[in-house]
There are 2 protein chains.
Amino acid sequence: MKFSTRSRYGTRAMLDLALHSDLGPIPLKDLARRQGVSMKYLEQIIPILKKAGFITSVRGINGGYVLAKDAGKIRLLDIIEALEGSLSPVDCVDMPKWCPRSKECATHEVWRDVRGAIDGVLGGTTLDDLAERQRELSKPH
Amino acid sequence: MKFSTRSRYGTRAMLDLALHSDLGPIPLKDLARRQGVSMKYLEQIIPILKKAGFITSVRGINGGYVLAKDAGKIRLLDIIEALEGSLSPVDCVDMPKWCPRSKECATHEVWRDVRGAIDGVLGGTTLDDLAERQRELSKPH
DNA sequence: TTAATATCCTATGTTATTACTAGGGTTTAT
DNA sequence: ATAAACCCTAGTAATAACATAGGATATTAA
């Protein structure tokens, strides 16, 4: 019941792009350095985010990655589902047909509620919300 | 981000005990048969529930397992944490000191919120609630 | 045109965990 | 005597997590 590093690094990379969107395309090297992840590992995570339509890339010198849409239009739920797969705590929530008990199983209802609670938090938070929180945290006080 | 079978089987075993509490001690054999789990595997799960104080055992003929306390006093959160370990989606929620970023990391806050949402559902549901739901589902209609 | 820099692709390896199965022995109470 | 809890060790097959490594290809500033 843990998120993979893929999800964590990927989310942080997205946050990094949101925070530095004024700098133009962000090269992988910068992302990797700031997030403390190897370029080679991040290089495997990035395509997932790209296929999901969250980022676009600019090749060549001074190239890098850019958010594909407004940070306010990207929910954390979508990012993490792209990286992690389904967030249901058990498979039968997504595929009730697989489980012969699902129609008559009270635990199934609870697992569904857990899934709903996770959806509530991550579906209600956009990348922009996250970036705003980060700016708040980074403020001198 | 999935519950282990240990958690699922263990929760179902607890539910089984709650539903059959009028029958006296429930032998492992019956639990295993009704839940469709091998005795040998269930035998590895039961001690966890016992150590956590949820069930007691009666040895000898006609022995078996019994809830150690009122089903209304046992939260699903406690059962699943005993079986699964911490329900935090990332380690830094439990051990902020491990992560040098935790004080200044916005994602950390979101992970904490996710944990809170899970706690809300599972901490607000007792074994008795679950049993009641099950009785409702099993009713002829 | 070329050199620098970036993306893209494929493969490999390590480690850990999960989800069991297997087989035995001991203790306890009816 | 029997049925049951209890205890112990071991093995294993599959899967996933978490990377590392090396090179191929594309782009563009100079």
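**Two protein chains and two DNA strands: a short presentation**

Good morning. In the surface near DNA strand C, helix 3 of chain A makes the greatest contribution, three residues. Please keep in mind throughout that this is a predicted model.

Let me stay with DNA strand C. There are 23 residues around this strand, and those that come nearest are Pro27(A), Leu28(A), Ser4(B), Ser38(B) and Gly60(B). Both chains take part. From chain A, helix 2 (28-35), helix 3 and strand 2 (64-67) each provide at least two residues of this surface, as do helix 1 (5-19) and helix 3 of chain B. What classes of residue make up the surface near DNA strand C? Seven are nonpolar, nine polar and seven charged.

I turn now to DNA strand D. Around this strand there are 23 residues, of which Ser4(A), Ser38(A), Arg59(A), Gly60(A) and Ser57(B) come nearest. Here chain A contributes at least two residues from each of helix 1 (5-19) and helix 3 (39-51). Chain B likewise contributes at least two from each of helix 2 (28-35), helix 3 (39-51) and strand 2 (64-67). Which element gives the most to the surface near DNA strand D? That element is helix 3 of chain A, with three residues. By class, this surface holds seven nonpolar, ten polar and six charged residues.

The next topic is the meeting of the two protein chains. In this model, 30 residues of chain A are in contact with 30 residues of chain B. On the chain A side, at least two residues come from each of helix 1, helix 4 (76-84), helix 6 (106-123) and helix 7 (127-138). Helix 6 of chain A gives the most to that side, with eleven residues. The residues on the side of chain A that touches chain B comprise 16 nonpolar, six polar and eight charged.

Finally, I would like to look within chain A. Helix 1 and helix 7 of chain A pack with their axes 9 Å apart, at an angle of about 75 degrees. Because of that angle, helix 1 of chain A is roughly perpendicular to helix 7 of chain A. Helix 1 brings Met14(A), Leu15(A), Ala18(A) and Leu19(A) to the contact. Helix 7, for its part, brings Leu127(A), Asp128(A), Leu130(A), Ala131(A) and Gln134(A). Seven residues of this contact are nonpolar, one is polar and one is charged.

To close, I return to helix 1 of chain A: this helix supplies residues to the surface near DNA strand D, to the side of chain A that touches chain B, and to the packing against helix 7 of chain A. Thank you.

Technical notes
Residues numbered from 1 in each chain as written. Chains lettered and ligands numbered in written order. Predicted model: local features only at pLDDT ≥ 70, side-chain atom pairs only at ≥ 80, totals over all residues. Near = placed C-beta within 6 Å. Helix = DSSP H or I, 4+ residues; strand = E, 2+ residues; numbered from the N terminus. Nonpolar A, V, L, I, M, F, W, Y, C, P; charged D, E, K, R; others polar. Contact = placed C-beta atoms within 7 Å. Axes fitted to C-alpha atoms, helices over the stretch in contact; angles between N-to-C directions. Parallel < 35°, antiparallel > 145°, perpendicular 65-115°, else oblique.
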